[in-house]
Amino acid sequence: PGYRIYTTDSSFGAVLVAEFAGGSGREEDPYLVANADQLYNVRNHLDKHFKLIEDIDLSGYSTGKGWEPIGDERTPFTGAFDGDGHTISNLFIKRPVDPFIGLFANSGLDAKIRNVGLINVNVTGYNHVGGLAGRNRGQVTNSYATGNVTGEAETGGLVGENGGPIA
């Protein structure tokens, strides 16, 4: 757990790459997220606990449709994500005909997202569109987003459609 094997050329063998910077995904020992690739891996563990340990720049995901939201309409993020005061910058998503668009597509009833700062977002979707979450049913605490968010319906700077507490 916590590692995946990647290989590009069988003559060199497998390369062991850490999926996260540490942790086990439990509440008392969250997965530690230190870079954009590790943030991308959150989608593989939607019910686990995570903590940012570095500021993250998502510029590397700024071509084509950009960032693929974490989770989706039917499979929401239900874990905990603590930004620990760090920021995520340059989130780019260009999916004008897709619903549930944001860093997280959909945060479920048990989700807890806190202490996350999103800087310079450029997010476009159809409906349920927000910088942090397209739809929120969980708890969002001490979080913000700056930049541009565009959608046809249920659109907001931080959260597109909200059904949970935001403090």
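Two strands count as paired where DSSP finds at least two bridges between them. With that in mind, a friendly place to enter this predicted model is strand E13, where the bridge partner of Asn106 is Arg135. The neighbouring contact follows the same path, for Ser107 stands opposite Asn136 in E13. In total, E9 and E13 run parallel and are joined by 3 bridges. On to the next strand: E13 also pairs with E17 in the parallel sense, again over 3 bridges. Here Arg135 stands opposite Glu161 in E17. Arg135 therefore appears in two pairings, as the bridge partner of Asn106 and opposite Glu161.Together these strands form an open sheet of 3 strands in the order E9-E13-E17, with parallel pairing. Strand E9, residues 104-107, and strand E17 stand at the edges with a single partner strand each, so one side of each is left without a neighbour in the sheet. From one strand to the next, the twist averages 10°. As general background, the strands of a sheet pair through backbone hydrogen bonds, either parallel or antiparallel.

Another open sheet holds 5 strands, in the order E3-E4-E6-E10-E14, and its pairing is parallel. Its edge strands are E3 (31-33) and E14, each of which pairs on one side only. The twist in this sheet averages 15° from one strand to the next. At the E3 edge, strands E3 and E4 pair in the parallel sense over 3 bridges. Within this pairing, Val33 stands opposite Leu52 in E4.

Salt bridges come next, and the structure holds 4 of them. One of these joins Arg43 to Glu68, with the closest N and O atoms 4.0 Å apart. Arg43 lies in the loop between helix H1 (36-40) and strand E4 (49-52), and Glu68 lies in the loop between strand E5 (56-57) and strand E6 (80-82), so this pair ties together parts that are 25 residues apart in sequence. The partners can also be described by their accessibility: Arg43 counts as buried, at 14% relative accessibility, whereas Glu68 is partly exposed, with a relative accessible area of 38%.

A further salt bridge forms between Arg114 and Asp82, whose closest N and O atoms are 3.8 Å apart. This pair links distant parts of the chain, with Arg114 in strand E10 (residues 112-114) and Asp82 in strand E6, 32 residues apart. Both E6 and E10 belong to the sheet of 5 strands, where they follow one another in the order. Arg114 counts as partly exposed at 31% relative accessibility, while Asp82 counts as buried at 13%.

Arg137 and Glu161 also form a salt bridge, and here the closest N and O atoms are 3.0 Å apart. Arg137 sits in the loop between strand E13 (133-136) and strand E14 (139-141), while Glu161 is in strand E17 (residues 159-162), so to speak a link between distant parts of the chain, 24 residues apart. Arg137 is partly exposed, with a relative accessible area of 26%, and Glu161 counts as partly exposed at 22%. Glu161 has already been met in the sheet of 3 strands, where Arg135 stands opposite Glu161.

The aromatic side chains add another layer to the picture, with a count of 10 aromatic pairs. Phe20 and Phe50 form a tilted pair, 5.6 Å centre to centre and with 55° between the planes. Phe20 lies in the loop between strand E2 (15-18) and E3, and Phe50 lies in strand E4, so the pair ties together parts that are 30 residues apart in sequence. Both Phe20 and Phe50 are buried. These residues are members of one aromatic cluster, formed by Phe20, Tyr31, Phe50, Phe77, Phe81 and Phe104.

Tyr40 and Tyr61 form a stacked aromatic pair, 5.8 Å centre to centre and with 10° between the planes. Tyr40 lies in helix H1 and Tyr61 in the loop between E5 and E6, so this pair ties together parts that are 21 residues apart in sequence. Tyr40 is partly exposed, with a relative accessible area of 28%.

Tyr40 leads back to Arg43, the buried partner of Glu68. Arg43 lies over the face of Tyr40, at 3.8 Å from the ring centre. Arg43 also lies over the face of Trp67, at 5.2 Å from the ring centre. Arg43 thus brings together a salt bridge with Glu68 and places over the rings of Tyr40 and Trp67.

Methods. Residues numbered from 1 in each chain as written. Predicted model: local features only at pLDDT ≥ 70, side-chain atom pairs only at ≥ 80, totals over all residues. Heavy atoms only, no water. Salt bridge = Lys/Arg side-chain N within 4 Å of Asp/Glu carboxyl O. Helix = DSSP H or I, 4+ residues; strand = E, 2+ residues; numbered from the N terminus. Buried < 20%, exposed > 50% of the residue type's maximum accessible area, 1.4 Å probe, protein only. Axes fitted to C-alpha atoms, helices over the stretch in contact; angles between N-to-C directions. Phe/Tyr/Trp six-rings, centres within 6.5 Å; stacked < 30°, edge-to-face > 60°. Lys NZ or Arg CZ within 6 Å of the ring centre and 35° of its normal.
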